[in-house]
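Welcome! Here are some short exercises to work through with the structure in view. Try each task yourself before you read its solution.

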Amino acid sequence: MAIGVISVRYARALLKCAMAQNLEDKVYQEMITLADQYNRVPELRSTIDNPMLEKNKKQALLQVACGKNLSELTEKFIQLVLQEGRENVIQMMATSYITLYRKQKNIISGRLITATTVTPEVEQKMKQMVQNKSQATVEFQTEVNPDIIGGFVLEYDSYRMDASVQTKLNNILKELKK
């Protein structure tokens, strides 16, 4: 069976159980933390995928990777995944849960990239603009990237608005080379 299908089935079952227990928000935060740990610590994947590592050590490691004050549901979920030998796709399960949760709650992810730090007022205005255009709740992140020189890059859903000085200069350079 395809790995993507497996991860979505597990994630869907986890979301259904979490909603029944009114824990979907807590589990969502735990899955975000787990997915983030996989991205930040590349050795986590190889450690969890190692067949020589005992399941109880894998469970302890995954529980730590999910964050503090872990819900009992997430503990049982990790135990089930390990019991079924599906630990090699737990990262995909976490990202599938995040996707399903966001769809269920009408949440989109947005990101604002600027050359310098923006004020909270500007960040709030950009977030509000995205919420108005998308008719969804927005999880908004800001990022500073001095390489864009000035202006901003706004990304949300499948939309990207690049109003950076770097992109404008690159476009002028391309035109001059013609």
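**Exercise 1: The largest pocket**

In this predicted model, the largest pocket has a volume of about 280 Å³. Find which residues lie closest to its centre, and which elements give two or more residues to its lining.

*Solution.*
Step 1. Start at the centre: of the 13 lining residues, the closest to it are Ile32, Ile98, Arg102, Glu139 and Gln141.
Step 2. Now move to the elements. Two or more lining residues come from each of α2 (24-40), α6 (90-105) and β2 (137-144). The most come from α2, which gives five residues.
Step 3. Sort the lining by class: four residues are nonpolar, six are polar and three are charged.

**Exercise 2: Placing the pocket**

Work out where the largest pocket lies with respect to the domains.

*Solution.*
Step 1. Mark the domains on the protein chain: the assignment gives domain 1 as 1-103 and domain 2 as 107-177.
Step 2. Look at how they are set apart: their C-alpha centres lie 31 Å from each other.
Step 3. Both domain 1 and domain 2 give residues to the lining, so the largest pocket lies between them.

**Exercise 3: Overall form**

Describe the order of helices and strands, then decide whether the protein chain is a compact globule or more spread out.

*Solution.*
Step 1. Count the elements: the protein chain has eight helices and four strands.
Step 2. Read them along the sequence, and the pattern is α-α-α-α-α-α-β-α-β-β-β-α.
Step 3. Compare the radius of gyration with the globule rule. The value is 20 Å, well over the 16 Å that the rule gives for 178 residues, so the protein chain is more spread out than a compact globule.
Step 4. Add the spans of the C-alpha trace along its principal axes, about 60 × 35 × 30 Å.
Step 5. Finish with burial: 34% of the 178 residues count as buried.

**Exercise 4: Cysteines**

How many disulfides does the model have, and why?

*Solution.*
Step 1. Recall the bond itself: a disulfide covalently joins the sulfur atoms of two cysteines.
Step 2. Take the cut-off: the two sulfur atoms must be within 2.5 Å.
Step 3. Check Cys17. Its closest cysteine sulfur, in Cys66, is 16 Å away, which is too far for a bond.
Step 4. Check Cys66 in turn: the closest cysteine sulfur is that of Cys17, at 16 Å, again too far.
Step 5. The count is therefore zero disulfides.
Step 6. Compare the surroundings: Cys17 is partly exposed, at 37% relative accessible area, whereas Cys66 is buried, at 3%.

Conventions:
Residues numbered from 1 in each chain as written. Predicted model: local features only at pLDDT ≥ 70, side-chain atom pairs only at ≥ 80, totals over all residues. Heavy atoms only, no water. Domains from an automatic or database assignment. Buried < 20%, exposed > 50% of the residue type's maximum accessible area, 1.4 Å probe, protein only. 1 Å grid on protein atoms, 1.4 Å probe; cavity = no way out; pocket = protein on both sides within 12 Å on 5 of 7 lines; lining within 4 Å. Points joined across faces, edges and corners; volume = space filled by probe spheres on them. Nonpolar A, V, L, I, M, F, W, Y, C, P; charged D, E, K, R; others polar. Rg over C-alpha atoms; globule rule 2.2 N^0.38 Å.
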